[in-house]
Amino acid sequence: MRIARVIGTTISTIKDEKVRGSKLLILRQTDETGEIIGKPYVAVDLVDAGVDDLVLTGHGSSARQTYQTKDCPVDAVVMAVIDHLEVDGEVVFLKS
Amino acid sequence: MRIARVIGTTISTIKDEKVRGSKLLILRQTDETGEIIGKPYVAVDLVDAGVDDLVLTGHGSSARQTYQTKDCPVDAVVMAVIDHLEVDGEVVFLKS
Amino acid sequence: MRIARVIGTTISTIKDEKVRGSKLLILRQTDETGEIIGKPYVAVDLVDAGVDDLVLTGHGSSARQTYQTKDCPVDAVVMAVIDHLEVDGEVVFLKS
Amino acid sequence: MRIARVIGTTISTIKDEKVRGSKLLILRQTDETGEIIGKPYVAVDLVDAGVDDLVLTGHGSSARQTYQTKDCPVDAVVMAVIDHLEVDGEVVFLKS
Amino acid sequence: MRIARVIGTTISTIKDEKVRGSKLLILRQTDETGEIIGKPYVAVDLVDAGVDDLVLTGHGSSARQTYQTKDCPVDAVVMAVIDHLEVDGEVVFLKS
């Protein structure tokens, strides 16, 4: 899973009915301290994440292993909101 | 899903009958404002997108989760036309 | 799918019987005009493509959605020969 | 599989019950001597690995081929702790 | 499939019984002449390859389409030993 920050939202014209009812978030991958290091991408929100939250995103067929995304043309989901990250015994990120 | 811009179309000699009847678009990944940042790739159009549209593309096995692409050797679909993108509470892209 | 140019062929000692009977091509990804931009990779030929042809390759589990590659340890297929590519209303590649 | 070093742990608010009970590790890909070369990512621990261990991680749908991760929205697992790595007949890494 | 060179072996503590009995090789992707261009990764050997062999590796779910890797948390296999590579009508690699 990638560590990523929610940076925004998208409104789109979607054919698939199930996806149409989902919240689509714009994210960018971060390092283990929350610093942005990757390109923007879009994922279906499963955990009611908000803009600026640090989250974990699951990719590929794994993104369809939920009731909300089963059989949908979806390749990324926000599957967790990160509470804290600990590296080498030190807390490097703590949700405010 | 990737944010991408439709830059063109392709006509190809395709063995698979179902794919042969599909519209294949050339796309390039963009950032959250629509600026191009990625290499060109090709996806099956599911939403009747046009050249210059900003769209979402789904990749991998997720691209086969539609009636039009089921059991086809297809690894990318245009699954949404983007109407607007909002980053940090500000609209950064609006379909004209 | 990637736009790619066939640059060569490989002869290999392969355990899987079905793959052993297939033609394996060496390819490199190109941009939308046919200029090479990517690393070489190998794919099973489904469309009788020849060296120097511009083709589309499908990747991942999608590469197994054909009679010839079903249940094979194959992750890329040449699924189309490109006849022409059109970008912004202009033909940028035409098969000779 | 990637060779990777465990650099930390994460505590997250996760919807999926099975994933919630799993230990999630933060990792970075390394080269064959254990030198870090990649971005951080998160994987489910299957082998009770500890911080600083060199491990192998499996990705994509392969990450769901275990009792602990079956049908979960999980795309990476720590599937082995590396004991030693040998390159060109020389031991380049030995677990301490 | 990637063209890759076998550079070494790994001994690891693995939970999955089937994987435990497999030979795991360390590889690096090469170009079409056998020059190394990629990061090291690990794959299950299906073809009794040796160090320094040039091989083809299959990735993702395709790596599980063999008796030896079915239902295993494995995402890469060595599926062929390359005998020769031909580019633009010229032999650029020949197994010695």
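These are my notebook entries on two chain contacts, A with B and D with A, in a predicted model.

**Entry 1: chain A against chain B**

I began by asking how many residues each chain brings to this contact. Chain A supplies 29 residues and chain B supplies 29 residues. Next I looked up the buried area, which comes to about 2200 Å² between chain A and chain B. Carbon and sulfur atoms give 53% of that area.

I then went looking for charge pairs, and the rule finds zero salt bridges across the interface of chain A and chain B. Polar contacts are another matter: twelve residue pairs turn up across this interface, both residues at pLDDT 80 or more.

Which elements of chain A give two or more residues to the side that touches chain B? I found β1 (2–14), β2 (24–30) and β3 (36–45) of chain A. The most comes from β1(A), with eight residues. I also sorted this side of chain A by residue class, and got 16 nonpolar, seven polar and six charged.

**Entry 2: the strands that meet between A and B**

I wanted to see what β1(A) pairs with in chain B. Its partner is strand β5 (residues 76–87) of chain B, and the two run antiparallel over seven bridges. For a spot to click on, I noted A:I14, which stands opposite B:A80 in β5(B).

**Entry 3: chain D against chain A**

Here I turned to the contact that chain A makes with chain D. I found 29 residues of chain D in contact with 29 residues of chain A. The buried area between chain D and chain A is about 2200 Å², with 52% from carbon and sulfur atoms.

The salt bridge count between chain D and chain A is zero. For polar contacts I wrote down twelve residue pairs, both residues at pLDDT 80 or more.

On the side of chain D that touches chain A, the elements giving two or more residues are β1 (2–14), β2 (24–30) and β3 (36–45) of chain D. I checked which of them gives the most, and β1(D) does, with eight residues. By class, this side of chain D divides into 16 nonpolar, seven polar and six charged residues.

**Entry 4: the strands that meet between D and A**

Which strand of chain A is joined to β1(D)? I traced strand β5 (residues 76–87) of chain A, joined to β1(D) by seven bridges in the antiparallel sense. My marker pair here is A:A80 with its bridge partner D:I14 in β1(D).

**Entry 5: chain A, both contacts together**

To close, I put the strands of chain A side by side. Its β1 pairs with β5 of chain B, while its β5 is joined to β1 of chain D.

Conventions: Residues are numbered from 1 along each chain as its sequence is written. Chains are lettered from A and ligands numbered from 1 in the order in which they are written. This is a predicted model: local features need pLDDT of at least 70, side-chain atom pairs count only at pLDDT 80 or more; totals for chains, interfaces and linings use all residues. Side-chain values use heavy atoms; hydrogens and water are left out. Contact means heavy atoms within 4.5 Å. Buried area is the accessible area (1.4 Å probe) that two parts lose on being put together, summed over both. A salt bridge is a side-chain nitrogen of Lys or Arg within 4 Å of a carboxyl oxygen of Asp or Glu. A polar contact is a pair of N or O atoms within 3.5 Å; within protein, one must be able to donate a hydrogen and the other to accept it, and residues adjacent in sequence count only if both atoms are side-chain atoms. Helices (H or I, at least four residues) and strands (E, at least two) are DSSP runs, numbered from the N terminus. Ala, Val, Leu, Ile, Met, Phe, Trp, Tyr, Cys and Pro count as nonpolar, Asp, Glu, Lys and Arg as charged, and the others, Gly among them, as polar. Two strands pair if DSSP finds at least two bridges between them.
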